[in-house]
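Trainee: I am new to this one. Could you show me the structure and explain the terms as we go?

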Amino acid sequence: MELELWVSFDERRLRGSVTFVLDPAGLRLVLDTRDLTIRRVNGRTDNFRLGARDPLLGAPLEIDLEPGERTVLIEYETSPESSGLQWLAPAQTAGKRHPFLYSQSQAIHARSWIPIQDSPRARVTFSATIHAPAPLQALMAARRVRDGCFHMPLPVPPYLMALAVGEVEFRALGARSGVWAEPPLLDAAAREFADVEKMIEAAERLYGRYRWGRFDLLVLPPSFPFGGMENPCLTFLTPTVIAGDRNLVSLIAHELAHSWSGNLVTNATWNDYWLNEGFTTYIERRIQEALYGRARSEMEMAVETGELEEELRRLPEADQKLVLELEGRDPDDGMTQVPYVKGALLLRHLEEKHGRGKWDAWLRGYFGRFAFQSVTTADFLAELERGFPGEDIREWLYRPGLPKNAPRPQYEFGTEPRRDWTTQEWLHWMRAMPEKLTVERMAELDRQWGFSRIGNSEIAAQWLLMAVRSGYEAAYERLERFLVEVGRRKYVKPLYAELAKTPQGRQQALRIYEKARPGYHPITRAAADALLG
Ligand code: BES
Ligand code: ZN
């Protein structure tokens, strides 16, 4: 695939072309699109049709080819509503001087900025030229050949196609790693992520050579809807991961782990999402253990397991199975703790049952055997059977809840807060409190620990949730600022949901949302729209 795109911030549009070289040739090519305008195909307007638009899947682009015609050049443009792109005004950046654009293609948003077969089964290699207005930098999840020119010689699934344009600068972290960020954030980002090279080395010792060349990080503006996105060669990150004390760097370990589980071996369908995220959460734990010791890793896993158990109490049974049933639904709905943490607990169960030596060897074999392929749960099961004949994990895959013999990560959490507590210890302590505290008790905690002024995003989000539950209005100013600035879906969604539980809170939620919505990414908007009607 070859991309050439011009970036217009005035029109909020990408305009240009994509060229596919087909192998083998055929007579009809069908691509996914959503909110794209197709101008010409191979210079003509009579050889293609856009089918009816499905709200979830978009419109199929059907192209007729001449016999032997192998090159297909599609001239097209995106729309300002394309769900895979967020166009930011200067005010939404740290620098405040220039606009910013970034893409987020997972799960099925690549089709809103490239006409493509948008399935994780359909890998492509590509080169790309991006024309961005000076002085802005264009970056892609690929090798940088020179300014604005990129090359990805390894086949990647479409959900890993990524583009960003903004005023960003680079700082090296290691020989093959570095960080891109807006200038005001660059120092803090480089300090926070100093361990990246050690993380790559630890992962390589466990699962084999890092195959993508560079591992760079890009810090995005705070509206980025996720914590991180494992775009190959260039992980995209929320700025809320920069806590100042490296307490949240497991997120870097997580996105790095995807270089094996996800980017190298990919789920073939979104129903098999646990093959991406369960493996990755498990590997994230192993990297953290290698760098910071077993206790830290267990503490993080214990917090995650608590989050899973909490979510299992609310989720319909059908969504508690590892193998998802997403037909007719938005695959973004599958992003619960189930594929992540239940998936990781399954792999840990297998590790404990068969021993680390045998299990690690099996995992290395799995990544080698399926490298650059997309696999189903059935492929995984066949490979598991080869390594561990008779192993039966059907209960994990096809039944709700956690099996009785599921591992229970243990960590002795303290009960008396200390100033030097890690983020995870604070979270555990806060979550163990009663749902509702008196306003007096909240005020006392606030005086003692300064929660309403805290910069750490995880602790702030948890505190604000407690404030809403307890009707602690002194924190509402902070709540409003937080919701207007930060667009990370994981924080935004529970806060609006909690507010919306009372009529008065709902009024408040709607008032804040009206102010915040224009700054949110389409993915976060969709979640909040659904909540608030
Ligand atoms: N690939 C995911 C992000 C994602 C999932 C984007 C589904 C779109 C659809 C990424 O690797 C991820 O899992 N991010 C987590 C952080 C992680 C430490 C649990 C997130 O953003 O919260
Ligand atoms: Zn992930």
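Mentor: What follows takes a few labels and sets each against its definition.

Mentor: This is a predicted model, where local features need pLDDT of at least 70, side-chain atom pairs count only at pLDDT 80 or more, and totals for chains, interfaces and linings use all residues. Residues are numbered from 1 along each chain as its sequence is written, chains are lettered from A and ligands numbered from 1 in the order in which they are written, and side-chain values use heavy atoms, with hydrogens and water left out.

Trainee: Why is Ser8 called buried?

Mentor: Buried means under 20% relative accessible area, exposed means over 50%, and partly exposed is in between (1.4 Å probe, protein chains only). Ser8 has 18% relative accessibility, so Ser8 counts as buried.

Trainee: Where is Ser8 found?

Mentor: Ser8 is in strand β1, residues 2-8. Helices (H or I, at least four residues) and strands (E, at least two) are DSSP runs, numbered from the N terminus.

Trainee: What does Ser8 touch?

Mentor: Contact means heavy atoms within 4.5 Å. Setting aside residues up to four places away in sequence, Ser8 touches Arg13 and Trp87.

Trainee: Trp87 sits in strand β8. What makes both faces of β8 covered?

Mentor: Leu85 and Trp87 are buried on one side of β8 (residues 85-88), and Gln86 and Leu88 are buried on the other.

Trainee: How do you know that β8 pairs with β9?

Mentor: Two strands pair if DSSP finds at least two bridges between them. Four bridges join β8 to β9 (residues 100-103), so the two strands pair. They run antiparallel. Leu85 stands opposite Ser103 in β9.

Trainee: Why is Lys501 called exposed?

Mentor: Lys501 has a relative accessible area of 61%, so it passes the exposed cut-off. Lys501 lies in the loop between α14 (489-499) and α15 (503-516).

Trainee: Which residues of α14 are buried?

Mentor: Arg489, Tyr491, Val492, Leu495, Tyr496, Glu498 and Leu499 are buried in α14. An α-helix has 3.6 residues a turn, so residues three or four places apart point the same way. The buried residues of α14 pack against α12 (457-470), α13 (476-485), α15 and α16 (522-532).

Trainee: What makes Ala25 partly exposed?

Mentor: Its relative accessible area is 37%, so Ala25 falls between the two cut-offs. Ala25 is in the loop between β2 (13-21) and β3 (28-33). Leaving aside neighbours within four places in sequence, Ala25 contacts Glu69 and Arg70.

Trainee: Ser259 is in a loop too. Why is Ser259 called buried?

Mentor: Ser259 has a relative accessible area of 6%, so it meets the buried cut-off. Its loop runs between α3 and β20 (265-267). Beyond neighbours within four places in sequence, Ser259 is in contact with Tyr210, Trp212, Phe215 and Leu264.

Trainee: Now the ligand. Which residues come nearest to ligand 1?

Mentor: A residue is near a molecule if one of its heavy atoms lies within 4 Å of it. Of the 16 residues around ligand 1, Gln106, Gly227, Glu230, Glu255 and Tyr340 come nearest.

Trainee: What makes the approach of Gly227 to ligand 1 a polar contact?

Mentor: A polar contact is a pair of N or O atoms within 3.5 Å; within protein, one must be able to donate a hydrogen and the other to accept it, and residues adjacent in sequence count only if both atoms are side-chain atoms. A backbone N or O atom of Gly227 lies 2.5 Å from an oxygen atom of ligand 1, so the pair qualifies. For Tyr340, a side-chain N or O atom is 2.6 Å from a ligand 1 oxygen atom.

Trainee: How much of ligand 1 does the protein bury?

Mentor: Taken alone, ligand 1 exposes 520 Å², and the protein buries 89% of that. Accessible areas come from the Shrake-Rupley method with a 1.4 Å probe; for residues, only the protein chains shown count as cover.

Trainee: What is unusual about the backbone at Gln106 and Ala107?

Mentor: Most residues other than glycine have a negative phi, and most peptide bonds are trans. A cis peptide bond joins Gln106 and Ala107, with omega about 0°. Arg246 has a phi near 60°, a positive value in a residue other than glycine.
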